[in-house]
Structures are given as structure tokens and as C-alpha cells.
Amino acid sequence: MEVDEEERVRIYEFVAYLVSSARGLLVEPQVYGPFRCLEAVSRFVRLLDQLGIKDAYLDELKKKIDEGKYLLLTNEEEFRKFVVRLNVELAQEVRNVLNL
Amino acid sequence: MDDSSDRKGIADLLIDLVKTRRTIRTFKRGVKVPRELIEAILEAARWSPSGSNAQEWRFIVVTDEKLLRAMKMFSPGWLGEAPTAIVVCADKERAYRIAGELGRSKMYLIDIGIVVQTIALLAHAMGLGTNIIMSFSQEAVAELLEVPDTWEVVVIIAVGYPEAVPQPPPRLPLDELVVWR
């Protein structure tokens, strides 16, 4: 797959987000880790879209993440439940995708 | 400023500014912040107090779009697109020279905290929004901005015109915070 210069920079943006998150999480609060992971999913789905790769389920997942991720700032308990819920829902989707 | 009603008015205004300031993560796209506003903010902010009057703060104002994009790559805590960033550094050598070991180990952090709050309130008073960012790769940002070795990059302040103003996160009640003796 060939990418143009702008697409290359976008890929580097995503990579740098993860690498610098790893650096920061050496010393940041533990709960930032899950937030960074979810934010990375949101950015990854946006990147896929920019590269012309579409998936309706992932679009919906991104929307849910973007709506719920800031629970971290207002209600950490609800944020934790949100993370667990996303895992369950994703597992259900994976069952469909793999025809389990 | 001898009139007590003037003082009360100013105090009320300042209380309102403190209570209505929010962390802004969504800025108006394509709307730049005039240089003169940033200059006015920093001109006033330099009057903030600092231990031993060290004034060890150093401000790098970034408006170059490519450089902002590069900095953002290494700043996981930077959400949203801001047209300007004020990178607040501490000249650790100056802090030590003026305030000794206390200056470069602890006091500089307090001083930077004070000046950052001053900047945030001044920006808010001028209709701007700010996001005070501490989650970034210090080493990577210092490299991108070619920061002198004796400076430490402490905080990035994203500045722009707010597109959305969030509700405030909860605050602890006053009686949990204060002990009177």
C-alpha cells in the first residue's frame, strides 16, 4: 500500500502518540493508562478512515469512546465501568466477526 | 484604589474569573490568537511572584503550524487543535544561582505553577481558552524546540478561542480542605 507524505505524517502521529504515552506512563497516574489506550483506538480508527479503510463497527466504537472517555475527569468509577463494558461489547462483536 | 466598593468589585471579578476558568480542549478552527494578546498576557504574567524573585520562567511561544503538529505528536495530554502554544520552561541554572538548591529542586516548580495560573486567568479574562498540559515527552519537546540544556520544559499551555466550554469537574467541599487553628 503506497501512502503519500501527509498520510505518512499521520501514521507517525499515531506512532508518536503511543511512544510518548509509554514514556509518560512511567510516571503518570495508573488510570491514565486505560485512557491512553482508548484514545489510541479512537485515533487509530480515524487514521484508518483517513487511509480509506472503512468499518461501521469501528466507527461506532470510536463514537462511544469519544463520548465516554472524559468520564475519567468527572467520575473515575463510571470510567472504569465504561472500560469494562467496552471490553464486553467488543468481545461480542469479535464472536460475530469470527463466527463463534 | 482607596474606594472599598471598587475593591469589592475587582475582588468579585477575580473570584468569577477563577471559578469560571475551564480547561479548553476544543478550539475554534482556523482562528489565530493575535500576537499582541499573547504579549499582553506575558507582560502581565511576568509580574507574578517567584521565590527570591528568581523569575526563572522562560516562555517559548509557538505559532508555527508544523512545529505545533510535531510537539503534539509527543504530547499525549494535548487534545484538540490550538493555534498557539506557550511552552513554559524553567532556567534551572538561574534558579540555582539565585535561590540555591531549594531554588532548583522545589521552588522553581512552585514559581512555574504560579505563573501558569496567572497566564490561564489572564487568557480567560481576554476571552481565550487554555489547556495546561503536563503529559508530554519532556525530552522530545525540548529536542523539537532546541531548548538550552540548562532549561527544563515544565508545562505546555495550549491557547486559542474556545469552541466548546466543558462543565467543571467536581470540587471537594471547603470544609474538607481547611483547618483553622
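## Rings, charges and cores

Student: Where does Arg43(A) lie with respect to Tyr17(A)?

Tutor: Arg43(A) lies over the face of Tyr17(A), at 3.9 Å from the ring centre. Keep in mind that this is a predicted model. Chain B has a case too: the charged end of Arg104(B) sits over the ring of Tyr96(B), 3.9 Å from its centre.

Student: Now ring against ring. How many aromatic pairs are there over all chains?

Tutor: Two aromatic pairs, counting every chain. To read one, look at the distance between ring centres and the angle between planes; angles from 30 to 60 degrees count as tilted. Phe14(A) and Phe44(A) are 5.4 Å apart centre to centre with 35° between the planes, so they make a tilted pair.

Student: Which helices hold Phe14(A) and Phe44(A)?

Tutor: Phe14(A) belongs to helix α1 (residues 5–24) of chain A, and Phe44(A) to helix α2 (residues 32–50) of chain A, so the pair ties together parts that are 30 residues apart in sequence.

Student: And are those two rings buried or exposed?

Tutor: Under 20% relative accessible area means buried. Phe14(A) has 16%, so Phe14(A) is buried. Phe44(A), at 37% relative accessibility, counts as partly exposed.

Student: What about Phe35(A) and Tyr70(A)?

Tutor: That's a tilted aromatic pair as well, 6.1 Å centre to centre and with 40° between the planes. The pair links distant parts of the chain, 35 residues apart: Phe35(A) is in helix α2 of chain A, while Tyr70(A) is in the loop between α3 (56–68) and α4 (71–74) of chain A. Phe35(A) is buried, with a relative accessible area of 7%, whereas Tyr70(A) is partly exposed at 28%.

Student: Let's move to cores. What is the general idea?

Tutor: Nonpolar side chains in soluble globular proteins tend to be buried together. Here, the largest nonpolar core has 21 residues, and Ile86(B), Val88(B), Ile112(B) and Ile157(B) have the most contacts inside it.

Student: Which elements give two or more residues to this core?

Tutor: In chain B, they are α2 (35–45), β3 (84–91), α4 (92–125) and β5 (151–160). The most comes from α4(B), with seven residues.

Student: Which residues does Ile86(B) touch?

Tutor: Leaving out residues up to four places away in sequence, Ile86(B) touches Ile38(B), Leu42(B), Phe59(B), Ile60(B), Ile119(B), Val155(B), Ile156(B), Ile157(B) and Val159(B). Apart from the largest core lies another, of 19 residues, including Ile24(B), Leu68(B), Ala85(B) and Ile133(B).

Conventions
Residues numbered from 1 in each chain as written. Chains lettered and ligands numbered in written order. Predicted model: local features only at pLDDT ≥ 70, side-chain atom pairs only at ≥ 80, totals over all residues. Heavy atoms only, no water. Core = buried A, V, L, I, M, F, W, Y, C linked by side-chain atoms within 4.5 Å. Buried < 20%, exposed > 50% of the residue type's maximum accessible area, 1.4 Å probe, protein only. Helix = DSSP H or I, 4+ residues; strand = E, 2+ residues; numbered from the N terminus. Contact = heavy atoms within 4.5 Å. Phe/Tyr/Trp six-rings, centres within 6.5 Å; stacked < 30°, edge-to-face > 60°. Lys NZ or Arg CZ within 6 Å of the ring centre and 35° of its normal.
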